[in-house]
Amino acid sequence: MKKLKTPKTIIITIVTTGILYGLVSITGIGVIGFEAMAKRKAQLQLVAAELQSPLFETIIALGAYTAMLGVLFSQILGISRMLFAMGRNTDFFPIFQKISEKK
């Protein structure tokens with residue numbers, strides 16, 4: 001049986017995101033405390049307001065908008081792919097299995 005190798009980039013990405021999440025969490029807890037972090041829904045916005053820096057508020061807002069757009073685009077692509085597969089298997093309307101002939 002062939003042993004699968006995990007690509008290094010996947011491990012590097014997971015470790016990097018884990019470190020970034022940890023640093024953001026530690027910074028947030030250090031600025032507003034864990035009790036305020038637990039009670040609020042927009043913790044990073046509260047941290048930026050506490051730091052009283054318009055630059056941080058703008059960066060956090062842009063990050064939130066970017067994250068929402070990323071989720072929206074991935075959902076659009078995922079749903080369209082799912083509908084295509086369901087149309088091909090006749091689990092959904094067959095019109096969804098058609099592919100445009102344009103190049």
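A residue counts as buried when its relative accessible area is under 20%. By that criterion, 10% of the 103 residues of the protein are buried. The model is a predicted one, and the description below proceeds from the overall form to the individual helices.

## Overall form

The secondary structure consists of 4 helices and 0 strands, arranged along the sequence in the pattern α-α-α-α. The radius of gyration of the protein is 21 Å, well over the 13 Å that the globule rule gives for 103 residues, so the protein is more spread out than a compact globule. Along the principal axes, the C-alpha atoms fill a box of roughly 55 × 40 × 30 Å.

The contact pattern can be stated briefly. Among the contacts with a separation of 6 or more, residues 24 or more positions apart account for 0%.

The accessible surface of the protein amounts to about 9,400 Å², and 69% of this area belongs to carbon and sulfur atoms. As for charge, the protein carries 12 positive and 5 negative side chains. The centres of these two sets are 16 Å apart.

## Helices H1 and H2

Helix H1 covers residues 8-32. Its 25 residues should span 36 Å at 1.5 Å a residue, and the end C-alpha atoms are indeed 36 Å apart, which agrees. After H1 comes Gly 33, with a positive phi near 90 degrees.

Helix H2 comprises residues 34-39. Ala 36 belongs to this helix. With a relative accessibility of 23%, Ala 36 counts as partly exposed; the lower limit of that class is 20%. The C-alpha atom of Ala 36 is 9.7 Å from that of Val 47, with 11 residues separating the two along the chain.

## Helix H3 and its surroundings

Which residues of H3 are buried? They are Leu 46, Val 47 and Ala 48. The cover over the buried residues of H3 includes helices H1, H2 and H4. Val 47 thus appears both among the buried residues of H3 and in the C-alpha pair with Ala 36.

Two further residues of H3 may be described beside the buried ones. Gln 45 is located in helix H3 and counts as exposed, at 51% relative accessibility. Gln 45 and Thr 58 are 13 residues apart in sequence, and their C-alpha atoms are 9.6 Å apart in space. Glu 50 also lies in helix H3, but at 48% relative accessibility Glu 50 counts as partly exposed. The two values fall on either side of the 50% limit that separates partly exposed from exposed residues.

Apart from neighbours within four places in sequence, Glu 50 is in contact with Val 31 and Ile 32. Between Glu 50 and Gln 75, which are 25 residues apart along the chain, the C-alpha separation is 34 Å.

The relative accessibilities of residues discussed in this report are collected below.

| Residue | Location | Relative accessibility |
|---|---|---|
| Ala 36 | helix H2 | 23% |
| Gln 45 | helix H3 | 51% |
| Glu 50 | helix H3 | 48% |
| Gln 52 | loop between H3 and H4 | 69% |
| Thr 90 | segment after H4 | 61% |

## Helix H4

Helix H4 runs over residues 54-88 and contains 35 residues. From its first C-alpha to its last it reaches 51 Å, close to the 51 Å expected at 1.5 Å a residue. Within H4, the buried residues are Leu 83, Phe 84 and Gly 87.

## Positive phi angles beside the helices

Where does Gln 52 lie? Gln 52 is placed in the loop between helix H3, residues 43-51, and H4. Just after H3, Gln 52 adopts a positive phi of about 55 degrees, although this residue is not a glycine. Gln 52 is exposed, its relative accessible area being 69%.

Thr 90 occurs in the segment after H4. Its phi is positive, at about 60 degrees, although Thr 90 is not a glycine. Is Thr 90 buried or exposed? Thr 90 is exposed, with a relative accessible area of 61%. The positive phi that follows H1, near 90 degrees, belongs by contrast to a glycine, Gly 33.

Key: Residues are numbered from 1 along each chain as its sequence is written. This is a predicted model: local features need pLDDT of at least 70, side-chain atom pairs count only at pLDDT 80 or more; totals for chains, interfaces and linings use all residues. Side-chain values use heavy atoms; hydrogens and water are left out. Helices (H or I, at least four residues) and strands (E, at least two) are DSSP runs, numbered from the N terminus. The expected span of a helix is 1.5 Å times one less than its number of residues. Buried means under 20% relative accessible area, exposed over 50%, partly exposed in between (1.4 Å probe, protein chains only). The radius of gyration is taken over C-alpha atoms; the globule rule is 2.2 Å times the number of residues to the power 0.38. Contact means heavy atoms within 4.5 Å. Accessible areas come from the Shrake-Rupley method with a 1.4 Å probe; for residues, only the protein chains shown count as cover. Lys and Arg count as positive and Asp and Glu as negative; His and the chain ends are not counted. The place of a charge is taken as NZ of Lys, CZ of Arg, CG of Asp or CD of Glu.
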